[in-house]
Each structure stands twice: as structure tokens, then as C-alpha cells.
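Here is a chain to go through by question and answer. Each label is set against its cut-off.

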Amino acid sequence: MAESPEMTIFHLLREVTVEYGLRQGEFAARNGMHPTDVRALISLLDAERAGTDTTAGRLGERLGLNSAGTTAVVDRLAHLGLVARVRDTRDRRRVLLVVEERAKELGRAHFGPLIDGATALLGAFEEHEKEAVRRFLSGVRDLLGDSGEER
């Protein structure tokens with residue numbers, strides 16, 4: 001029985017996420033990191049891109065870690081020179097996590113060709129096609145977020 005177009009797309013998405021996860025694992029191993037450290041860096045970079053300050057508590061919530069686990073991740077990343085703890089200039093009681101330039105350089109060296117290839121691929125899409133891709137991926141992301149809340 002032939003697979004529906006929707007299931008074919010879903011299986012392609014699964015293949016992409018598995019491959020991307022493997023690339024993240026390679027990046028972690030190559031740079032002396034734990035896979036959770038890579039997830040933490042991605043979360044911090046996403047927050048930075050959105051203009052959102054991140055504390056250790058907020059990072060822990062995003063990663064589903066307790067306080068001790070979050071401290072261990074931040075300590076590892078700080079020890080590697082990838083993340084810095086800085087005092088919030090608006091509230092000196094708060095400590096913010098900031099991704100160091102070195103982490104961005106390592107990420108660009110590893111993921112740059114993939115990013116460049118994907119953006120070039122999308123550049124060939126019509127605007128309505130890009131909007132469909134954006135809607136689909138945002139919807140799947142939201143479904144994943146909803147399913148995480150039910151745990």
C-alpha cells in the first residue's frame with residue numbers, strides 16, 4: 001500500500017531530525033561536550049537571537065533539568081570557554097548566561113556548510129512555499145511542545 005504524501009513528509013522530517021541529531025553528537029564529541037551541552041548552547045543561541053536574557057533557572061526549565069543538572073551543564077560550558085556568567089546590568093542580583101564568540105565560531109565551523117546549503121535551498125523557493133514550510137515546521141514544533149507538557 002502506498003504511503004500518503006503526509007506520511008512521506010513526516011518520515012522525511014524524522015530522517016532529517018535523526019541526521020541532525022547525529023551531527024550534534026559529532027559536534028559534542030569533537031569539542032569535549034555532552035549532548036545536553038549542545039542542547040544548552042542551542043537554547044542560549046535561540047534566546048540571544050530572540051533578544052531574551054537567559055538565567056540558569058530559565059535554561060534548566062527549557063532543558064527539563066533540575067538545579068544541579070543545570071549547574072553541571074553551565075559549569076562544563078564555562079570551563080570550555082563557551083558560555084560566560086555575567087551580572088545583569090539592570091538587576092545586579094541576576095546572573096545571565098552569555099554565549100561566547102568561541103562557541104559561535106566552533107558551531108559555524110561545524111554546521112556552517114549545512115546552514116549555507118539549507119538557506120541556499122530555501123532561497124530557490126517561492127515566498128508562498130517558504131511560508132508553507134515555516135507553517136509546517138512551526139506547527140510540528142508546537143505539537144512537540146504540547147506533548148512535552150503532558151508528560
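Q: Which helix gives the largest share of the lining of the largest pocket?
A: H1 does, with 13 residues. Helices are DSSP runs of H or I with at least four residues, strands are runs of E with at least two, and both are numbered from the N terminus. H1 spans 5–30. H2 (35–50), H3 (56–63), H5 and H6 also supply at least two lining residues each.

Q: What kind of model is this, and how are its residues numbered?
A: The model is predicted: local features need pLDDT of at least 70, side-chain atom pairs count only at pLDDT 80 or more, and totals for chains, interfaces and linings use all residues. Residues are numbered from 1 along each chain as its sequence is written, and side-chain values use heavy atoms, leaving out hydrogens and water.

Q: What makes a set of grid points a pocket?
A: On a 1 Å grid over the protein atoms alone, a pocket is an open set with protein on both sides within 12 Å along at least five of seven lines; lining residues have an atom within 4 Å of a point. The largest pocket is lined by 50 residues. Tyr20, Gln24, Ile42, Asp46 and Leu137 lie nearest its centre. Its volume is about 2,700 Å³. That volume is the space filled by probe spheres set on the points, which are joined across faces, edges and corners.

Q: Why is the pair Arg90 and Asp53 called a salt bridge?
A: The term needs a side-chain nitrogen of Lys or Arg within 4 Å of a carboxyl oxygen of Asp or Glu. In this pair the closest N and O atoms are 2.2 Å apart, so the definition is met. Arg90 lies in the loop between S1 (83–87) and S2, and Asp53 in the loop between H2 and H3, so the pair ties together parts that are 37 residues apart in sequence. Asp53, Asp88, Arg90 and Arg94 are linked in a network of salt bridges.

Q: Why is Arg90 called exposed and Asp53 partly exposed?
A: Buried means under 20% relative accessible area, exposed over 50%, and partly exposed in between (1.4 Å probe, protein chains only). Arg90 has 65%, so it is exposed. Asp53 has 28%, so it is partly exposed.

Q: How do you know that Asp116 and Arg108 form a salt bridge?
A: Their N to O distance is 2.9 Å. Asp116 is partly exposed at 40%, and Arg108 is partly exposed at 44%. The structure holds 15 salt bridges. Another joins Arg134 and Glu127, at 3.5 Å.

Q: What makes Ile9, Phe136 and Leu137 a patch?
A: Patch residues have over 30% relative accessible area and no salt bridge; like charges are joined within 9 Å, and nonpolar side chains (Val, Leu, Ile, Met, Phe, Trp, Tyr) within 5 Å. Phe136, in H6 (127–149), has 36% and counts as partly exposed. Together the three residues have about 260 Å² of accessible area, by the Shrake-Rupley method with a 1.4 Å probe, where only the protein chains shown count as cover for residues.

Q: Which residues are in contact with Glu100, leaving aside neighbours within four places in sequence?
A: Contact means heavy atoms within 4.5 Å. Gly81, Leu82, Val83 and Ala84 are in contact with Glu100. Glu100 sits in the loop between S2 (95–99) and H5 (101–123). At 31%, Glu100 is partly exposed.

Methods: 1 Å grid on protein atoms, 1.4 Å probe; cavity = no way out; pocket = protein on both sides within 12 Å on 5 of 7 lines; lining within 4 Å.
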